[in-house]
Every structure is written in structure tokens, then in C-alpha cells.
Amino acid sequence: MSGARNGRLLAYHFANQTVSVVADGLFMPNGLVREYDSPCVLIALTMIGEIKRYCPEGDKAGLSTFASNIPGTLDNIRQYEDPSIGIQAYTVGIGTKMAKPFSLPWFLAPYPSFRRWICGLPMPYEWLYKLVPKYGMILFLDKDGKVVQTLQDPTGRTSWISEAVVSNGSLWAGSWLNRHIVRLPWSSSSAATEGSAWGETSAALRSLIKS
């Protein structure tokens, strides 16, 4: 919430059991996943709606932007692959939306000093939840960082989604706050082939949540 640029990416070296800093100055890095067919990793930055790419070597060595202007607070990022229809993508758990008409992160975005002041107040963290919209979302990004599908829960029952994984014919969505796990039946038909719109599954997710 404070927006301090003090996040770091660390590397552990097994040979001599040491740790080194490979990237710093990050805005609340949270999710981390290896990029497809690459030695690079993707880093989800929670409070600024951005995913960075870090490459240890090659033409893309260092930090670069993989995806930006994502309208929500990012959490974990995971690979999602379906060889039967040729899809390699990433799922991103979104804690809440960061958009109008009112969202505490959106309102405080231009005021870093005010954000730090609020975070330093001696008050229960739960109080801040009341000023943050309850809105659950899962993003699917393609290998180029483009959003190709979203699953959304505007009811708020499944907000603060921290991770989404496809396994054994289901999409599983967990949360660091909620006391339940969402399971949505998932198959190759849930996502369209490359070049066309992905499946309309948002309504199915809302239906499952309401039941």
C-alpha cells in the first residue's frame, strides 16, 4: 500500500550457498514464474499493475516490461499450458480492482507520502479492507503479455484471489484471505484457439460462486 520502491529479486547459489541481489528498486514484487522457453523470469508487481521480465543474460539482459496497465492488484503468476490446442499462457490472480468509481489503491496512487502515512497508523489492517472494492478477477496473458481472457466475480464473494491453477480438469483459485477455494470445471474448450476470442467463462464463474 505504501508503494515503497524497495522490493528485490534474490538469487540463491547452491555451489557456495550464498545469496545475491539480481534486481532491486521493485514496487512490491509478489508473483514469480519462469518464462516459457527462456532463462528469464516474470515478476508480478502488486500495487502498480505491472509485470516485469528479468533476464540474467542475452539480448534482453536486465529488467524490462512484460505487461502494464493491468487494472488490479497483482498476486501470483503461474504457467498455463494446453498442448492439445497449442496454448501457452499465464494465469494471474488479482486481489481487487484498481479503478473508479472508488478504490482505495486508485485514490491513493498519486500520493505516495499519504500512502506511507496511512500504512504507519496504529490501526488494524482489516479496516483498510472496507475501503477496497470486493472484486475477484483472474487474468490470462499470452506469451507476449497481452490479456486474452478474464474471469471476474463482481459479487465480491471471491475477492482477493491470490493464485489460479489449472489441474485435473478444473481451474482452482485460492486466496490468502478467504476461507474457501473456488473450483471451475475446465477443459480445452474453455479457451479458444490462437487468433480468436477465448471462451466466455466469466458467467460460468459467477454462477458457480453464487451456488
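Which residue takes a positive phi in the hairpin of strand 11 and strand 12? Select Asn-168: its phi is near 50°. The hairpin has 2 residues between its strands. Keep in mind that this is a predicted model.

**The whole protein**

Start zoomed out. The protein has 211 residues, and 44% of them count as buried. Colour by secondary structure to see 4 helices and 13 strands. Now turn on the surface. The accessible area comes to about 11700 Å², with 54% of it belonging to carbon and sulfur atoms. Among contacts with a separation of 6 or more, 46% are between residues 24 or more positions apart.

**Strands 11, 12 and 13**

Return to the hairpin. Select residues 161-167 for strand 11 and 170-175 for strand 12. They run antiparallel and are joined by 6 bridges. Show Glu-163 and look across to strand 12: Gly-174 stands opposite.

Next, extend the selection to strand 13, residues 182-185. Strand 12 pairs with strand 13 in the antiparallel sense, over 4 bridges. Here Trp-172 stands opposite Arg-183. The hairpin that joins these two strands runs through 6 residues.

**The open sheet**

Move to strands 3, 4, 5 and 6. They form an open sheet in the order 3-4-5-6, with antiparallel pairing. Strand 3 (29-34) and strand 6 stand at the edges with a single partner strand each, so one side of each has no neighbour in the sheet. Neighbouring strands here are turned by 30° against each other on average, ignoring direction.

Select strand 5, residues 50-55, together with strand 6. This antiparallel pair is held by 5 bridges. Pick Ile-51: Ala-67 of strand 6 stands opposite.

**The largest nonpolar core**

Keep Ile-51 on screen. The largest nonpolar core has 17 residues, and Ile-51, Ile-77, Tyr-90 and Val-92 touch the most other members. Which strands supply at least two residues each? Strand 4 (41-45), strand 6 (62-67), strand 7 (72-82), strand 8 (87-97) and strand 9 (136-141) do.

Now centre on Val-92. Leaving out residues up to four places away in sequence, Val-92 touches Ile-51, Leu-74, Asn-76, Ile-77, Met-137, Ile-138, Leu-139 and Leu-141.

**The other core**

Last stop. Apart from the largest core lies another one, of 13 residues. Select Ile-138, Phe-140, Ala-164 and Val-182, which are among its members. Ile-138 is also one of the residues that Val-92 touches.

Methods: Residues are numbered from 1 along each chain as its sequence is written. This is a predicted model: local features need pLDDT of at least 70, side-chain atom pairs count only at pLDDT 80 or more; totals for chains, interfaces and linings use all residues. Side-chain values use heavy atoms; hydrogens and water are left out. A nonpolar core is a set of buried Ala, Val, Leu, Ile, Met, Phe, Trp, Tyr and Cys residues joined through side-chain atoms within 4.5 Å. Buried means under 20% relative accessible area, exposed over 50%, partly exposed in between (1.4 Å probe, protein chains only). Contact means heavy atoms within 4.5 Å. Two strands pair if DSSP finds at least two bridges between them. Axes are lines fitted to C-alpha atoms, for helices over the stretch in contact, and angles run from 0 to 180 degrees between N-to-C directions. Accessible areas come from the Shrake-Rupley method with a 1.4 Å probe; for residues, only the protein chains shown count as cover.
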